[in-house]
Structure formats: C-alpha cells, structure tokens
Amino acid sequence: MYINDKKLKNVEFDAKDLEYYELLSKQFPTIKDVCREIINLQSILNLPKGTEHFMSDLHGEYEAFHHIINNCSGVIKEKIKDYFSSELSKDEMEELATLIYYPNEKMEKVEKDGKLDQSWYHQNICYLIILIKKLSLKYTRSKVRKAIPEGWNYIIEELINERDHDSHYQKEYQHHIIESIITVDMAHDFIIMMTQLIKRLAVDKLHIVGDIFDRGSRPDKIIELLIKHHNVDIQWGNHDILWMGAACGNEACITRVIRNCLVYHNEEILENIYAISLRSLERYAKRRYPKLKRLQAMMQWISIMVLKTEAALILKHPEYQMNEQLKLHLVKNNQIQLGTKNYILEDIFEEDCRYELNEYENTIIQKLKKEFMSSEKLQQHVSFLYQKGSMYLCSNNTLLFHGCVPLNEQGYLKEIKINGTIYKGKSFFDYCDQQARNAYFHEDSEAIDFIFIYGVV
C-alpha cells in the first residue's frame with residue numbers, strides 16, 4: 001500500500017499493519033499532529049531516565065518490604081546528601097530522611113519533644129520543596145502534575161515552578177504560600193502529601209521479580225501496598241503460582257499452600273486474612289494421629305495429602321513425565337529407601353501409603369477447595385497478580401524472570417514437547433503464561449492441572 005502526499009511521496013506501508021495505522025490516524029489525523037507528537041516524544045527521550053527498583057523473594061516479610069519502599073532503597077538518603085550536605089549536619093540530614101520515611105511518627109515525636117512550632121514547619125516544608133524540585137527534573141511537567149495528589153496541584157506547582165530564581169518577589173510569593181499553609185493548620189497534612197510525592201518521584205517504577213508469598217506472615221499486606229503503588233510489575237515466582245493455582249482450585253497447589261503455612265507457622269494468613277478454616281483438617285488429623293501434638297498431627301496429614309494430590313495429577317498426565325515424584329508406593333513396613341539411604345517412618349499407617357483418598361480425606365479436600373475458590377480477599381489478591389504479573393518481562397533490554405529456564409546438557413535452550421508442539425525458551429514461557437491465564441479466567445481444566453507443574457518444580 002502506498003500513500004501519495006506532498007510530504008510523504010510513495011511511502012510504503014505494510015498491509016498487515018494497516019489496522020494500526022488507521023487507529024493512529026484517529027489520534028493524529030494530520031501531518032502536523034504527528035510531527036508535534038514526535039517532538040514531544042523526542043524531548044521526553046532526552047530527559048534523564050527515571051529510577052527503577054528491582055526486588056525479589058519478598059516472602060511475606062512485610063515490615064522489611066515496607067521500610068525499603070519508604071526509603072526507596074536508599075535513594076532518598078542519597079539525594080538528601082547530594083542536595084544538603086553543605087548546609088545540614090549528618091544528624092540533621094538523618095532527621096529529614098526519617099521525616100520523609102515516616103512523617104506521622106516523626107511529627108508525633110517532634111511534638112512530644114516540644115519542637116513542633118511554626119519555625120519547624122516552615123523550615124522542613126522548604127527542605128521538602130527543594131527535594132521535590134530536584135527530583136522532578138527527571139520528568140515532564142505533565143508527569144509531575146499527574147503525580148501530585150488531587151487537590152494540591154496548584155499549590156505544589158506554584159512552589160516548585162519558579163518564574164525567576166533570583167526574584168525577590170518570587171521568594172516572597174512562595175514564602176507567603178507556606179505561611180498560609182501553616183496559619184490555616186494544614187502543615188501536617190501538607191508535609192505528609194509532600195513526602196508521598198517525594199517517594200513517588202524518587203522511584204519511577206518498581207519490578208517485583210517473584211515470590212511474594214510464603215515464609216513470612218503478611219504477604220497480604222505486601223500485595224495491598226503494591227496495589228496502591230503508582231507503577232509496578234510482577235514476574236511470578238513458584239510460590240506465587242502455588243497460591244494462584246490454589247485460587248483456581250488445583251488440589252495439589254492447595255495442599256502445598258497449607259503445608260507451607262503450617263511449616264512457617266502462618267495459619268493466621270489462611271484463617272484470619274483469607275477466611276479459610278483449618279478446623280476440619282485439625283480435627284481429622286488429631287483423631288487419626290492421637291499420639292502426636294496438634295501441629296505435628298496436622299503436618300503429618302497434610303504432608304501425606306501433598307503426596308496423594310500430586311500423585312493424582314502425575315498419574316492423570318503421563319506426559320508430565322514426573323513419575324519420579326511418586327513416593328508412597330516405596331513405603332514398606334514403615335520404611336522407605338531413597339537413593340542409598342533407608343529411612344524409618346513413625347506414626348504412619350498402611351492406608352496413608354495408598355494413592356487414593358478415602359472418603360473423609362476427599363470431603364476435607366473438597367471443603368478446602370471450595371473455601372480457596374470462594375475467598376473474596378484471596379481472589380482479589382490473585383486477580384491483582386494476574387493483572388500486573390507475567391511469567392517474564394523484557395524491560396530496558398533486560399529479561400526479568402524468577403527461577404530458571406529449561407536447558408539441555410549442552411547448556412542450550414531445551415526443547416519441550418507438549419501435545420505435539422515443541423516449545424523452548426520464550427515460546428515455552430509464553431505457553432506457561434497463557435496456561436496460567438486460561439486456568440484462572442477460563443477455568444480450563446487442563447490448564448488448572450498444568451499450573452501445578454511450575455508451582456512445585
């Protein structure tokens with residue numbers, strides 16, 4: 001296809017991309033519109049690049065994660081040192097950093113010490129304005145404007161966009177704005193808003209490279225914090241996919257999730273946060289293993305359920321080629337040999353070593369499955385993982401993924417055959433990503449089964 005124009009003579013367009021060109025023509029109907037947008041984009045490309053942070057293996061450690069988010073992995077302290085080292089002492093710079101990290105707590109302490117007066121407010125507001133000015137230099141005015149919390153746009157823009165840096169009138173004007181904020185008793189709220197803006201400008205984008213769940217006790221609070229973040233992406237880790245599979249109703253993922261919670265003493269996350277009761281599991285386990293303490297009995301039973309539910313999928317899908325994971329049939333006379341070592345198993349019954357679930361076991365598993373799939377909070381959090389997450393991400397010519405890529409013995413990408421189609425590298429990751437989405441959004445039974453593989457391997 002050719003377009004014959006005075007400024008575009010015989011420019012060739014690929015017919016398959018015509019649909020995109022037609023859509024673009026609605027947004028940029030004339031050559032002048034296109035040129036203006038090119039100028040705009042070129043100018044943005046010449047700005048300094050925004051700071052990006054990469055974090056992985058959060059594993060439910062909310063307090064540590066929250067602190068890193070507040071201090072922007074040290075970026076704020078670094079900027080304070082760059083801009084104030086000539087006028088503030090080391091202790092004063094620490095005080096300013098603490099104010100930005102935890103504004104409410106810091107102002108409460110200053111008030112308790114009897115120092116929270118107009119002079120303190122004025123001085124610290126001036127420091128925060130300087131930081132905002134410096135941090136905003138990386139961005140267009142439009143982007144900074146969008147970052148300012150609603151209702152404060154006019155005031156912040158008047159304080160950071162100077163008409164004449166050396167103008168006495170400009171300084172007086174800004175001084176009176178600050179005095180007005182303090183006089184009408186809005187300084188506390190204004191400082192909190194400014195610290196939020198500083199954190200947002202300090203880190204332009206956050207990459208979470210896998211494993212939000214398990215081990216630590218509050219993965220839910222981490223997700224709630226990420227939901228509020230202005231620009232975040234997630235590359236799923238195997239622990240995340242376990243919870244995603246559990247939310248889809250995969251029984252093997254459910255038993256693994258429960259076992260992990262018991263191992264790390266995180267029953268609260270299931271029962272109090274996600275409203276998934278373990279009472280039926282506890283009662284049955286105590287009745288079945290009366291010699292064991294409560295947690296030991298629950299661990300014993302759920303560990304066996306992990307082996308049984310995983311075996312059900314492995315036997316159902318021989319194409320998974322995971323028969324080496326089958327262990328229960330190796331138990332003989334309360335002993336099992338793994339490799340060259342022989343292990344004695346205590347408090348285990350013959351029925352425990354059968355791959356089929358008995359009636360009581362199946363009833364409990366089905367009850368747990370229903371609760372995982374109907375937990376409103378869990379479904380909300382898993383939906384966010386799907387919305388912001390993927391198996392991998394290419395960002396700034398860097399491949400982000402959690403875990404490993406299947407390789408052959410020579411170290412090259414391994415070919416994996418699934419339903420007659422060969423996948424490797426990117427195509428395999430794309431297939432896994434699509435299967436994960438099919439499991440959640442389309443309730444595809446094959447995809448729900450498949451999600452177990454990359455949740456446990």
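Trainee: Which helix does His 239 lie in?
Mentor: His 239 is part of helix α13, residues 238-248. This is a predicted model, so local features need pLDDT of at least 70 and side-chain atom pairs count only at pLDDT 80 or more, while totals for chains, interfaces and linings use all residues. Residues are numbered from 1 along each chain as its sequence is written, and side-chain values use heavy atoms, with hydrogens and water left out.

Trainee: How are helices and strands picked here?
Mentor: They're DSSP runs numbered from the N terminus: H or I over at least four residues for a helix, E over at least two for a strand.

Trainee: Back to His 239: buried or exposed?
Mentor: His 239 counts as buried because its relative accessibility is 12%, and the cut-off for buried is under 20% relative accessible area (1.4 Å probe, protein chains only).

Trainee: And what does His 239 touch?
Mentor: Leaving out residues up to four places away in sequence, His 239 touches His 59, Asp 211, Phe 213, Asp 214, Arg 215 and Asn 260. Contact means heavy atoms within 4.5 Å.

Trainee: Which residues line the largest cavity?
Mentor: Some of those contacts turn up again: Asp 214, Arg 215 and Asn 260 are in the lining, along with Gly 216, Pro 219, Trp 243, Cys 261, Tyr 264, Asn 266 and Ile 269. A cavity is a set of points on a 1 Å grid over the protein atoms alone where a 1.4 Å probe fits but cannot get out, and a lining residue has an atom within 4 Å of a point.

Trainee: How much space lies in the largest cavity?
Mentor: About 50 Å³, counted as the space filled by probe spheres set on the points, which are joined across faces, edges and corners. The structure has one cavity of 30 Å³ or more.

Trainee: Switching to packing, how many residues are in the largest nonpolar core?
Mentor: The largest core has 80 residues, and those with the most contacts inside it are Ile 208, Ile 212, Leu 226, Ile 258, Leu 270 and Trp 301. Helix α17 (residues 294-316) gives the largest share of this core, ten residues. A nonpolar core is a set of buried Ala, Val, Leu, Ile, Met, Phe, Trp, Tyr and Cys residues joined through side-chain atoms within 4.5 Å.

Trainee: What is Leu 226 in contact with?
Mentor: Setting aside neighbours within four places in sequence, Leu 226 contacts Phe 65, Leu 206, Ile 208, Ile 212, Val 232, Ile 234 and Phe 384. Apart from the largest core lies another, of 46 residues, including Phe 84 and Ile 181.

Trainee: Ile 234 just came up. What stands opposite Ile 234 in β8?
Mentor: Gly 389 does. Strand β5 (residues 232-235) and β8 run parallel and are joined by two bridges; strands pair if DSSP finds at least two bridges between them.

Trainee: What's the strand order in that open sheet?
Mentor: The four strands go β3-β4-β5-β8, with parallel pairing. β3 (52-55) and β8 (389-390) are the edge strands, each pairing on one side only.

Trainee: Which strands pair in the antiparallel sense?
Mentor: β6 (residues 335-338) and β7 (residues 341-344) do, over four bridges. Ile 336 stands opposite Tyr 343 in β7. The two strands form a hairpin with two residues between them, and Gly 339 in the turn has a positive phi of about 70°.

Trainee: Last one: where is Ser 395 found?
Mentor: In strand β9, residues 392-395. Ser 395 is buried, at 11% relative accessible area, and touches Glu 52, His 207 and Leu 400, not counting residues up to four places away in sequence.

Notes. 1 Å grid on protein atoms, 1.4 Å probe; cavity = no way out; pocket = protein on both sides within 12 Å on 5 of 7 lines; lining within 4 Å. Buried < 20%, exposed > 50% of the residue type's maximum accessible area, 1.4 Å probe, protein only.
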